[in-house]
Structures are given as structure tokens and as C-alpha cells.
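Grab your viewer and let's work through some charged side-chain pairs. Each exercise comes with a solution, so try it before reading on.

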Amino acid sequence: EMFVAGVAPNVISYTAILHACARGGDLNVAERGFESMRANRIQPNVVSYCALIQACVRSGDLERAGKWFNEMRAQGVKPNA
């Protein structure tokens with residue numbers, strides 16, 4: 001909807017979507033949103049990664065949570081907790 005309205009999304013708007021997906025337990029949508037963020041050349045920050053990891057944990061997929069955590073560190077994003 002943001003694209004249709006001509007509003008450029010940013011890391012904050014994408015992260016809000018990731019948080020909503022995490023709360024709803026929709027890991028697949030969260031991952032698609034994360035990939036969309038990167039495809040639009042928006043750099044994920046630690047909060048974005050944490051929201052995605054939270055979606056994994058809430059979905060019971062600890063292996064995927066670990067994968068995203070490792071990718072976060074490989075991208076130079078430092079954990080904050």
C-alpha cells in the first residue's frame with residue numbers, strides 16, 4: 001500500500017511490518033518482508049533482525065532463528081542484547 005500511495009518505505013516501516021508478523025506468528029510473511037526490504041536496498045538494522053528472529057522463535061523454528069542470527073553477525077550487525 002505504501003508503494004501505491006507513493007510513500008517510500010524505510011527501515012522503520014519495514015521493521016514495524018516484521019514486528020507485526022512476529023506477533024502474529026507468520027514467519028513466511030516476515031521473511032518475505034525482510035527480503036523485500038533488502039531488494040529495495042534498505043539496510044536492515046539490529047532491530048529488523050531481532051524482529052525476524054523473534055518471528056522464527058514464535059513459530060518454533062529455532063534453526064532458522066540461528067541462521068538469521070548468524071547472517072546478522074556476518075553482515076556486521078552487532079547484537080544489542
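Glu31, Asp61 and Arg64 are linked in a network of salt bridges. Keep in mind that the model is predicted.

**Exercise 1.** Work out which salt bridges link Glu31, Asp61 and Arg64.

*Solution.* Start with the cut-off: a Lys or Arg side-chain nitrogen has to lie within 4 Å of an Asp or Glu carboxyl oxygen. Glu31 and Arg64 pass, with N to O at 2.2 Å. Next, try Asp61 with Arg64: their closest N and O atoms are 3.4 Å apart, so this pair is a salt bridge too under the 4 Å limit. Arg64 therefore takes part in both pairs.

**Exercise 2.** Find out which helices the Glu31 and Arg64 pair links.

*Solution.* Glu31 sits in helix α2 (residues 27-39), and Arg64 in helix α4 (residues 62-74). The two are 33 residues apart, so the pair links distant parts of the chain.

**Exercise 3.** Find the salt-bridge partner of Glu71 and place both residues in their helices.

*Solution.* The partner is Arg38, with the closest N and O atoms 2.1 Å apart. Glu71 belongs to helix α4 and Arg38 to helix α2, again 33 residues apart.

**Exercise 4.** Are Glu31, Arg64, Glu71, Arg38 and Asp61 buried or partly exposed?

*Solution.* Buried means under 20% relative accessible area. Glu31, at 15%, is therefore buried, and so is Glu71 at 19%. Arg64 comes in at 24%, which means partly exposed. Arg38 at 28% is partly exposed, as is Asp61 at 22%.

How values were computed. Residues are numbered from 1 along each chain as its sequence is written. This is a predicted model: local features need pLDDT of at least 70, side-chain atom pairs count only at pLDDT 80 or more; totals for chains, interfaces and linings use all residues. Side-chain values use heavy atoms; hydrogens and water are left out. Helices (H or I, at least four residues) and strands (E, at least two) are DSSP runs, numbered from the N terminus. Buried means under 20% relative accessible area, exposed over 50%, partly exposed in between (1.4 Å probe, protein chains only).
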